[in-house]
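User: I am new to reading protein models and would like a close look at one single part of this one. Could you take me through it slowly, explaining what surrounds it?

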Amino acid sequence: MSTRTEPGAASPGTPESDRRRERGVSAYARIFDVPEQEVPAAFSARVGLPFAEEALQAAGGAAWSHPALDGRDRSIAIITALAAQGVAGDRLGTHLRLARRHGLDEDALTALMTLLAGYIGYPRASLAMETVHGSLASTDRNDTAPL
């Protein structure tokens, strides 16, 4: 029985694999805005240990660290991909919060959804826009709530 390894993937248990996992933990800590030490357990609780470990390895690869894309570019790409697949709610909301930290404001997110409507269809774009609108409203409520 042979074991396949994805191109560019580090062999499990090697120093490179460990570094890649650490970069993945760091990436997910930024995405979910949680301390790095909480990421593995929280992610495992949500999707199970095997899937979480695979995702941490993937997030530690070049896709999340390549210098040709900045955080804003990645946010636009990920929001577009999620909207195109019909993903909304909390999953999209997590990336919308990250996008706002990367400088995408209400106007930019609305313009993105309007542009996408012609390419992915109005039903999926409007579903994503509902999440955009809802996440902006909850941010406004949180910004004005007393501490």
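Analyst: What follows is a walk around residue F43 and the helix that holds it, with a short look at another helix afterwards. Please keep in mind throughout that this is a predicted model.

The place of F43 is in helix α2, and the buried residues of this helix are V39, P40, F43 and S44. When you look down the axis of α2, these buried residues fall within an arc of 120 degrees, so they line one face of the helix. The face of α2 that is turned away from the buried side carries the exposed residues A41 and A45, while the cover over the buried residues includes α1 and α3, the latter spanning residues 49–59. After α2 comes G48, a residue whose phi is positive, near 90 degrees.

We can now turn to F43 itself and ask which residues it touches. If we leave aside the neighbours within four places in sequence, F43 is in contact with Y28, F32, G48, A52, A55 and L56. F43 has a relative accessibility of 9%, and because buried means under 20%, it counts as buried.

Two of these contacts deserve a slower reading, since they involve aromatic rings. A search of the whole structure finds three aromatic pairs. One of them is formed by Y28 and F43, whose ring centres are 4.6 Å apart and whose planes make an angle of 35 degrees, an arrangement described as tilted. Y28 lies in helix α1 (residues 15–32) and F43 in helix α2 (residues 39–47), so this pair ties together parts that are 15 residues apart in sequence. Counted from C-alpha to C-alpha, F43 and Y28 are 8.9 Å apart in space. Y28, at 16% relative accessibility, also counts as buried, because the limit for that word is under 20%.

F32 and F43 form another tilted aromatic pair, with 6.2 Å from centre to centre and 50 degrees between the planes. This pair, too, links distant parts of the chain, with F32 in helix α1 and F43 in helix α2, 11 residues apart. At 30% relative accessibility, however, F32 counts as partly exposed. Taken together, the ring pairs link Y28, F32 and F43 into a cluster.

For a second example of a helix with a buried face, consider α4, which runs over residues 71–84. It has 14 residues and reaches 20 Å from its first C-alpha to its last, close to the 20 Å expected at 1.5 Å a residue. Its buried residues are G71, R74, S75, I79, L82 and A83, and, seen down the axis of α4, they fall within an arc of 155 degrees, so they line one face of the helix. The N-terminal end of α4 is capped by D70, which has a side-chain oxygen 3.2 Å from the backbone nitrogen of R72. Beyond the other end, α4 is followed by G86, whose phi is positive, near 80 degrees.

Methods. Residues are numbered from 1 along each chain as its sequence is written. This is a predicted model: local features need pLDDT of at least 70, side-chain atom pairs count only at pLDDT 80 or more; totals for chains, interfaces and linings use all residues. Side-chain values use heavy atoms; hydrogens and water are left out. Helices (H or I, at least four residues) and strands (E, at least two) are DSSP runs, numbered from the N terminus. The expected span of a helix is 1.5 Å times one less than its number of residues. Buried means under 20% relative accessible area, exposed over 50%, partly exposed in between (1.4 Å probe, protein chains only). The arc is that of the directions from the helix axis to the C-beta atoms. A polar contact is a pair of N or O atoms within 3.5 Å; within protein, one must be able to donate a hydrogen and the other to accept it, and residues adjacent in sequence count only if both atoms are side-chain atoms. Rings of Phe, Tyr and Trp (its six-membered ring) pair if their centres lie within 6.5 Å; planes under 30 degrees apart count as stacked, over 60 as edge-to-face and the rest as tilted. Contact means heavy atoms within 4.5 Å.
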